[in-house]
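Student: I am new to this structure, and I would like a close look at the place where the ligand sits. Please take me through it step by step, and then show me how charged side chains pair up elsewhere.

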Amino acid sequence: MNLRIAIFASGRGSNFQAILAAISAQRLKAQVVLCITNRPEAGALQIAGAAQIPAAVIEEKHFVNGADYEAALLAQLAKHEVNFIVLAGFMRKIPSGVVRQFRHRIVNIHPALLPSFGGKGMYGHRVHEAVLAHGCKVSGATVHLVDEEYDTGVPILQRCVPVLDDDTPETLAARVLEVEHQIYPEALQLFAEERIRVEGRRIKILPKS
Ligand code: GRF
């Protein structure tokens with residue numbers, strides 16, 4: 001499948017950058033054709049600018065209702081012939097019409113091993129604080145399909161990191177982020193190679209043909 005990706009990002013965009021690096025290194029056969037953000041100050045916009053990728057700032061609060069917001073997102077996606085959505089630190093829920101139209105073609109990355117330490121309000125340093133407060137011995141990252149809820153979609157790839165005795169939320173976040181930057185491009189390449197088969201709540205990864 002020729003992936004024409006839209007990146008949705010609200011923050012610094014290091015996963016966006018890792019995906020672009022994987023494309024440049026030909027580890028990922030895909031094109032990023034659009035970047036959508038809800039924050040004009042998002043670092044992701046600079047990354048898009050430097051890579052000459054079209055970008056759009058779409059803020060829900062500028063629309064009179066949810067339907068108009070959803071229509072604006074869909075219009076941008078159609079304009080750029082996007083066929084795959086990658087959420088990379090996007091801090092807003094995706095309208096259900098967008099999820100429906102991109103069912104099984106919209107993914108997110110979460111900085112913990114879902115279903116632990118996910119859900120509404122579980123983002124950023126809060127995730128790592130909660131992992132440490134619970135005394136977990138491992139954490140990690142999860143790439144998962146996006147459905148209508150927060151962090152409940154089927155996992156595609158998960159990778160562990162150890163939690164060390166002297167970890168702080170910052171040191172743990174950095175270790176997890178390294179793994180995020182590996183597994184996100186890997187997961188996208190599996191889609192590019194059409195090796196992902198969704199079977200209910202399971203994803204089968206087909207062998208390389
Ligand atoms: C990452 O930790 C990701 O797991 C989470 O948001 C963060 C985004 O970081 N969903 P970045 O903007 O990609 O650097």
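**Around the ligand, and the charged pairs**

Tutor: Let us begin with Gly13, which has a backbone N or O atom 2.8 Å from an oxygen atom of the ligand. Keep in mind as you look that this is a predicted model. On one side of Gly13 in the sequence, Arg12 brings a polar side-chain atom to 2.5 Å from a ligand oxygen. On the other side, Ser14 also places a polar side-chain atom 2.5 Å from an oxygen atom of the ligand. The protein covers 84% of the 370 Å² of accessible area that the ligand has on its own. The space that the ligand takes up is the largest pocket. Two elements, α1 (14-24) and β5, each give two or more residues to the shell around the ligand. To find that shell on your screen, pick out Arg12, Gly13, Ser14 and Asn15, then Gly89, then Ile109, His110 and Pro111, and finally Glu180.

Now for the charged pairs. Side chains of opposite charge can pair when their charged atoms come close. The count of salt bridges here comes to 10. One of them joins Glu148 to Arg103, with the closest N and O atoms 2.9 Å apart. This pair links distant parts of the chain, 45 residues apart: Glu148 lies in the loop between β6 (138-145) and β7 (155-162), and Arg103 in the loop between α4 (96-101) and β5 (106-110). Are these two buried or exposed? Glu148 is partly exposed, with a relative accessible area of 27%, and Arg103 is partly exposed too, at 34%.

Another salt bridge pairs Arg195 with Glu193, and here the closest N and O atoms are 2.7 Å apart. Arg195 has a relative accessibility of 16%, so it counts as buried, the cut-off being under 20%. Glu193, at 25% relative accessibility, counts as partly exposed.

Further along the chain, the side chains of Lys204 and Glu199 meet in a salt bridge at 3.5 Å, N to O. Lys204 is partly exposed, with a relative accessible area of 43%, and Glu199 is partly exposed with 35%. Salt bridges with shared partners also join Glu193, Arg195 and Lys208 into one network, and two of those residues, Arg195 and Glu193, are the pair described above.

Note on methods
Residues numbered from 1 in each chain as written. Predicted model: local features only at pLDDT ≥ 70, side-chain atom pairs only at ≥ 80, totals over all residues. Heavy atoms only, no water. Salt bridge = Lys/Arg side-chain N within 4 Å of Asp/Glu carboxyl O. Helix = DSSP H or I, 4+ residues; strand = E, 2+ residues; numbered from the N terminus. Buried < 20%, exposed > 50% of the residue type's maximum accessible area, 1.4 Å probe, protein only. Near = heavy atom within 4 Å. Polar contact = N/O pair within 3.5 Å; in protein donor to acceptor, adjacent residues only side chain to side chain. Areas by Shrake-Rupley, 256 points an atom, 1.4 Å probe, with all protein chains shown as cover. 1 Å grid on protein atoms, 1.4 Å probe; cavity = no way out; pocket = protein on both sides within 12 Å on 5 of 7 lines; lining within 4 Å. Sits in = over half its atoms within 2 Å of the grid points.
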